[in-house]
Amino acid sequence: MKKAEDRRQNQECGTEPRFQTSDFRLQTFRTLLPFALFALALVALQLGLRAAGREYCLTQLTMSLYYAIVVIGLCLVMGYAGQVSLGHGAFFAIGGYTAAVLTTHDFTRYGTSGWAAGMKAAHVLTARDDLYGNPILTASPGAAFCAAMLVTLAIAGLIGYPALRLKGHYLAMATLGFGLIINKIVVGTALFGAADGINGVPEWRLAPGLTVSGRSALRVENYYLAGGLVLALLVLLRNLILSRVGRALQAIHDREAAAGAMGINTAAYKLRAFVLSALLAAMAGVFFTHYTGGIGPSEASAFKSVRYVALAASGGMASLWGVTGMSTLLNYLSLRGLFGSYDNAVFGALLILIVSIAPEGPLKPLGQWLRKPFARSAVERRLEHGAA
Amino acid sequence: MENTSLALQYLLSGVTKGSIYAVVAIGFNLIYSATGVLNFAQGEFVMLGGMVAITLAHYAPLPVAVAGAVVIVALLGGLLEVAFFRKLRRHSVLHLIIITIGLSIVLQEAALHLWDEKVRSLPYFTGNEVSSVKILGAAISPQVLWVLGTVAVMVISLQVFLKYTLPGRAMRACSSNPDAAMLAGINIPNMRTLSFALSAALGALAGCVISPITMTHYEMGAPLAIKGFAAAILGGLGNPMGAVAGGLLVGVLEAFAVSKLPAAYNDVAAFAVLLLVLFVRPHGLFGRPGGESVREH
Amino acid sequence: MALLEVQEIRRSFGGLVAVNRVSFAVQPGQIKAIIGPNGAGKTTLFNIISGLLKADSGQIRLRDRAISGFKPHQIVAAGIARTFQNPSLFYRMSVLENVMVGRHSRTRWEFAGCCLRLPGQPTEERFIRETARSQLDFLGLASLAAAPAGALSFGQRRMVELARALATEPELLLLDEPASGLNPKEKEQLGEQIRRIRERGVTVLLVEHDMTMVMDLSDDILVLHNGEVIAEGPPATIQSNPEVVTVYLGGEFRPAEEVELARLTSRL
């Protein structure tokens with residue numbers, strides 16, 4: 001009798017794991033549940049749309065999933081590290097444009113050098129036909145992806161280092177200014193296609209049977225590719241948030257001075273979170289560009305950047321699931337044209353409404369209500385994760 | 001002689017544009033001092049001033065149209081403060097920033113739908129697009145003199161208002177020590193509304209006077225806000241005369257950069273100035289270092 | 001060799017000299033207190049030692065290793081931890097998680113390792129949790145582990161902050177007015193805890209206004225006034241120092257302290 005009492009008391013203090021080994025399976029089930037549900041939802045949507053004869057909707061869903069990646073990264077920076085960024089559209093564009101330029105620019109001029117032969121052999125350069133059937137020599141999508149990541153890493157590091165030392169308003173303005181500079185450069189340069197953007201971006205063959213492409217025959221495959229990417233990202237980021245690094249980021253957000261006093265190198269962590277989110281945005285940009293076959297300057301506009309912030313806020317800044325859900329939903333509706341010509345205004349209004357009324361995100365109260373039967377707080381969930 | 005007259009043209013063009021940036025910067029300062037908020041929608045006031053005046057000008061003589069636009073936009077500014085910021089004092093800075101950004105977007109889109117995407121302008125206040133006046137060997141439009149004159153009058157009136165009138169002094173008290181001001185019986189919320197309304201009025205007037213030169217269109221607000229902010233930061237946030245100096249400096253820098261860079265990069269120069277100032281000297285030229293409010297360490 | 005050596009530290013703000021050529025040493029295993037009227041420069045001194053502020057001139061050495069100019073997280077890595085005048089817990093985390101944050105400087109898995117849960121990371125995570133729990137146990141706070149930090153009473157927050165600072169495994173612990181806002185019983189408990197912390201091998205340097213506590217607890221006292229050291233030595237010496245008595249009874253101190261000090265000095 002006493003032993004059971006002791007155990008329960010110890011469980012409540014947290015000195016003994018809440019669930020014994022026999023409950024381990026229940027705990028693992030609880031942890032995997034959201035991910036399983038997400039995968040299920042993906043499949044259900046696809047099958048449902050096919051049954052309804054509207055499988056073409058998958059195209060906009062796929063695009064929304066790629067946009068969601070940007071917002072998830074923003075969630076890390078804004079919801080966890082607590083740093084505002086109004087220029088994330090620029091990183092999406094940097095990724096997309098780098099890939100687009102490298103895979104459409106004709107390097108035939110250099111084709112005769114030994115260098116080029118070596119690059120061809122290493123699959124860095126590929127010879128292919130362009131839109132009009134002319135033979136050209138361009139970078140391979142894989143190499144372009146790597147280049148895009150490196151370029152983003154450099155730019156994000158360069159901008160982030162001075163910018164993240166600024167506070168609140170000033171950081172917001174700096175990132176907005178940065179975004180606008182990228183926008184102007186992209187619109188005003190012939191290399192980037194000026195106002196028309198770049199078209200004719202080739203497909204990207206990742207593996208046999210897995211090609212990033214806008215062809216309708218590959219629609220379902222690309223949908224699951226995007227969904228899988230989002231799922232993988234959610235797993236990785238969830239691990240991060242529930243770890244030492246996640247705690248450090250939250251500490252920085254909560255009280256930066258105290259975080260420093262605990263041995264956290266606040267400047268370094270803010271920069272790393274920022275760069276990581278920039279890389280995620282750029283990655284999304286590259287995949288998106290290959291999927292849609294092109295990219296335009298509107299991706300780097302302030303409207304888009306503000307839209308990402310609005311979506312992060314409406315999903316509940318620090319909730320990965322909320323953010324994914326809201327982002328996919330709202331972008332999908334936007335792409336389907338639901339908001340008509342008021343598209344940007346809707347996101348602006350959404351931003352105002354959410355932040356005025358429910359700054360932690362409207363899904364939180366809803367989620368709490370839904371979760372009552374399962375009755376675990378975020379704190380308890382985090383404590384369990386470590387015991388697993 | 002050719003080169004100096006060309007340089008003078010650039011200088012004048014820079015000073016003209018710069019005076020508008022100065023007005024936006026002053027607007028930023030006013031609201032920031034009174035409320036602690038950086039109003040991203042500042043540029044929209046300028047845009048709306050021009051747009052409203054252009055519409056009114058179809059029904060009324062020009063001076064009435066301009067005056068009407070100023071009043072309407074001022075009311076709008078006050079209304080925005082009452083609707084959004086009175087109730088939201090307890091929100092974090094981040095949230096308030098986000099709200100002003102949302103407002104800026106909504107105002108832009110509203111303008112797009114109320115009017116359209118066409119570029120418009122008010123008629124020249126005196127003369128027309130080909131009349132010119134010769135100053136120091138450079139030929140300038142009389143509208144430029146209107147701009148410079150109007151801005152000068154606005155700045156001087158503002159200083160007089162803040163220094164010598166009761167509501168003006170109340171506003172200054174409110175920004176330097178809100179608690180003491182409150183104890184002295186000053187109605188803080190009303191002061192905040194006043195700061196918004198005043199800011200909007202100044203912006204609207206600037207929008208009217210610059211309209212014949214730079215045209216008015218629904219998207220002009222955002223770049224103006226950024227450049228105005230760059231000017232405010234350059235002059236040191238909280239320093240109204242610094243804002244004027246900052247504005248002129250940004251305008252002139254932009255004018256000379258325009259002469260060197262391809263046309264499409266016109267705005268990049270000013271944005272780059274903003275980033276440079278924020279990264280290198282965030283307290284601006286005339287602010288005091290020890291700007292703990294800008295940087296972390 | 002002294003654990004901490006502060007040499008000729010000077011710091012001014014605008015025209016005001018907050019700390020004027022202050023020098024002192026803290027011996028290992030000591031409990032040393034810094035006292036002085038408000039505005040004497042005590043918190044500024046703490047902020048300089050813990051890296052939040054840079055001194056205008058002077059040096060700080062920890063075990064003969066120069067640490068002046070170190071950033072706060074480097075100071076922690078070197079072995080100095082601090083608490084704040086107002087408990088600065090992370091209110092969106094639980095008590096246990098707060099203390100786990102304290103383990104940050106002694107652990108190493110970074111972004112990639114944590115994302116991918118590479119071999120060794122989950123083990124380190126478990127170790128962090130266990131060490132944090134043992135810190136809470138040491139201070140008798142085990143029952144609070146799962147509570148959200150925002151739900152605690154003031155005294156409890158103070159103790160959790162102490163646990164968090166201890167989790168960084170410091171050699172030297174800086175306590176900034178740890179007794180302020182506590183009732184007499186809590187102060188007694190605090191004194192006990194500080195002694196136990198010293199027994200564990202942690203040197204303690206504290207700023208405090210409660211004279212009884214200071215005289216009871218400390219081995220050595222440093223008296224600051226207007227940014228300068230006016231006396232240094234064991235409690236008995238300080239109590240009988242006429243300059244100290246003048247400074248305190250000169251009306252610059254809070255009335256409660258004046259009464260206490262008068263009571264203490266009347267013992268002579």
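## Contacts between and within chains A, B and C

In this predicted model, 30 residues of chain A are in contact with 41 residues of chain C, two residues being in contact if their C-beta atoms, placed from the backbone, lie within 7 Å. Because the model is predicted, local features need pLDDT of at least 70 and side-chain atom pairs count only at pLDDT 80 or more, while totals for chains, interfaces and linings use all residues. Residues are numbered from 1 along each chain as its sequence is written, with chains lettered from A and ligands numbered from 1 in the order in which they are written.

On the side of chain A that touches chain C, two or more residues each come from α8 (219–241), α9 (244–254), α10 (256–261), α11 (266–292) and α16 (378–387) of chain A; helices (H or I, at least four residues) and strands (E, at least two) are DSSP runs, numbered from the N terminus. The largest share, seven residues, is that of α9(A).

Chain A also meets chain B, where 34 residues of chain B are in contact with 37 residues of chain A. At least two residues each are supplied to this side of chain B by α4 (93–114), α9 (221–234) and α11 (266–280) of chain B, and α4(B) gives the most, with twelve residues.

The table sets out the residue classes, in which Ala, Val, Leu, Ile, Met, Phe, Trp, Tyr, Cys and Pro count as nonpolar, Asp, Glu, Lys and Arg as charged, and the others, Gly among them, as polar.

| Side | Residues by class |
|---|---|
| Chain A, touching chain C | 14 nonpolar, nine polar, seven charged residues |
| Chain B, touching chain A | 27 nonpolar, three polar, four charged residues |

Within chain B, helix α2 (residues 42–56) packs with helix α8 (residues 188–214) at an angle of about 55°, with their axes 7 Å apart; axes are lines fitted to C-alpha atoms, for helices over the stretch in contact, and angles run from 0 to 180 degrees between N-to-C directions. That angle makes α2(B) oblique to α8(B), since angles under 35 degrees count as roughly parallel, over 145 as roughly antiparallel, 65 to 115 as roughly perpendicular and the rest as oblique. The contact of α2(B) with α8(B) has ten nonpolar, seven polar and no charged residues.

Chain C is divided into domain 1 (4–79 + 170–265) and domain 2 (92–165), with bounds that come from an automatic or database domain assignment. The C-alpha centres of these two domains of chain C lie 28 Å apart, and ten residues of domain 1 are in contact with seven residues of domain 2.
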